[in-house]
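Please open the model in your viewer with the cartoon shown and the side chains hidden, and keep the sequence panel at hand. The tour goes from the overall fold to single residues, then to the ring pairs, and ends at a pocket.

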Amino acid sequence: PTNFIASTMKIGYEFRLSHNKGLKLLGSFGTSASSGSFYPDLDKFNEVGFEAQLRFYVLKGHLPLNGLYLAPYVSYKSMTYSGGTNYNGLVLYVGPGPIYVTNATISNLSIGYVIGHQWIFNSSFTIDAFIGGGNNFIAGDNSGGNLANALYAYRKGIDLHTGIGVGFAF
């Protein structure tokens with residue numbers, strides 16, 4: 001859910017290994033000072049991630065690194081969340097209650113497979129789209145309460161892995 005509530009930037013580069021193989025490396029960084037209504041008690045979020053895709057281009061007669069591909073991937077993200085909330089719903093009658101602070105540091109390792117298509121146009125402009133899935137392995141510090149528990153529950157197990165990218169071939 002973090003890509004919807006945070007400003008995340010990804011940058012990548014694909015190396016040609018042979019006529020029908022490529023290695024795409026991606027790095028990402030994300031940060032947000034507030035999640036709005038998605039997680040109302042979240043005050044701060046940071047993410048750093050890396051991904052590698054070994055792409056096998058399956059269509060004959062296309063330019064290198066262009067066309068339909070199948071790719072196993074491995075992805076790693078390190079995310080930190082922090083926030084605080086006043087859980088006393090009777091604040092009008094009994095005064096403010098204690099403020100509970102939520103801190104979570106999560107490491108997410110994903111391994112899976114995607115199918116995608118990359119188009120390289122005459123102007124060297126590229127569009128890349130893929131969809132697939134894999135298994136997420138979660139580890140980290142689950143201190144502080146409900147926010148951390150919800151994040152662990154959402155990301156464990158099999159996960160959908162999608163992406164759309166634009167770029168330039170050179």
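What pattern does the protein follow when it is read along the sequence? Colour the cartoon by secondary structure and trace the chain of this predicted model: the pattern is α-β-β-β-β-α-β-β-α-β, made up of three helices and seven strands. If you then colour by accessibility, 36% of the 170 residues of the protein count as buried. A contact map adds a further view, since among the contacts between residues at least 6 apart in sequence, 62% join residues at least 24 apart.

**Strand E3 and its neighbours**

Select Val-48, which lies in strand E3, and display what surrounds it. Leaving aside residues up to four places away in sequence, Val-48 touches Ser-28, Phe-29, Tyr-76, Lys-77 and Ser-78. A distance drawn from the C-alpha of Val-48 to that of Lys-77 reads 5.7 Å, although these two residues are 29 residues apart along the chain.

Move next to Gly-49, which also lies in strand E3. Is Gly-49 buried or exposed? At 3% relative accessibility Gly-49 counts as buried, whereas Val-48, at 37%, counts as partly exposed. With residues up to four places away again set aside, the contacts of Gly-49 are Leu-26, Gly-27, Ser-28, Tyr-76 and Lys-77. Between Gly-49 and Ser-28 the C-alpha to C-alpha distance is 4.9 Å, for a separation of 21 residues in sequence.

Follow the chain onward to the loop between E3 and strand E4 (67–86), where Leu-65 lies. Check the backbone torsions here: phi of Leu-65 is near 60 degrees, which is a positive value in a residue other than glycine. Leu-65 is buried, with a relative accessible area of 13%.

**Rings and a charge**

Now show the side chains of the aromatic residues. A pair of aromatic rings is described by the distance of the centres and the angle of the planes. With ring centres required to lie within 6.5 Å, the count comes to four aromatic pairs. One of them joins Tyr-13 and Phe-15, in an edge-to-face arrangement with 4.7 Å from centre to centre and 70 degrees between the planes. Tyr-13 is partly exposed at 38% relative accessibility, and Phe-15 is likewise partly exposed, with a relative accessible area of 38%.

Go on to Phe-125 and Phe-168, an edge-to-face pair with 6.1 Å between the centres and 70 degrees between the planes. Phe-125 lies in strand E6 (residues 125–141) and Phe-168 in strand E7 (residues 157–168), so this pair ties together parts that are 43 residues apart in sequence. Phe-125 is partly exposed at 30%, while Phe-168, with a relative accessible area of 64%, is exposed. Add Phe-121 to the selection, and you have the cluster of Phe-121, Phe-125 and Phe-168 that ring pairs link.

While E7 is in view, select Val-166, which lies in that strand and counts as exposed at 64% relative accessibility. Beyond residues up to four places away in sequence, Val-166 touches Phe-125, Thr-126 and Ile-127. The C-alpha atoms of Val-166 and Thr-126 are 5.5 Å apart in space, and the two residues are 40 apart in sequence.

For a ring with a charge over it, turn to Tyr-69: Arg-55 lies over the face of this ring, at 4.0 Å from the ring centre.

**The largest pocket**

Finally, switch to a surface display. Rolling a probe the size of a water molecule over the atoms shows where empty space is left. The largest pocket holds about 750 Å³ of space. Which residues, of the 26 that line the largest pocket, are the closest to its centre? They are Gly-12, Glu-14, Lys-24, Gln-118 and Thr-126, and selecting these five is a convenient way to centre the view.

Colouring the lining by element shows that strand E1 (7–18), strand E2 (21–32), strand E3 (42–57), strand E5 (99–120), E6 and E7 each give two or more residues. The largest share, seven residues, comes from E7. Recolouring the lining by class gives 13 nonpolar, eight polar and five charged residues.

Methods. Residues numbered from 1 in each chain as written. Predicted model: local features only at pLDDT ≥ 70, side-chain atom pairs only at ≥ 80, totals over all residues. Heavy atoms only, no water. Phe/Tyr/Trp six-rings, centres within 6.5 Å; stacked < 30°, edge-to-face > 60°. Buried < 20%, exposed > 50% of the residue type's maximum accessible area, 1.4 Å probe, protein only. Helix = DSSP H or I, 4+ residues; strand = E, 2+ residues; numbered from the N terminus. Lys NZ or Arg CZ within 6 Å of the ring centre and 35° of its normal. 1 Å grid on protein atoms, 1.4 Å probe; cavity = no way out; pocket = protein on both sides within 12 Å on 5 of 7 lines; lining within 4 Å. Points joined across faces, edges and corners; volume = space filled by probe spheres on them. Nonpolar A, V, L, I, M, F, W, Y, C, P; charged D, E, K, R; others polar. Contact = heavy atoms within 4.5 Å.
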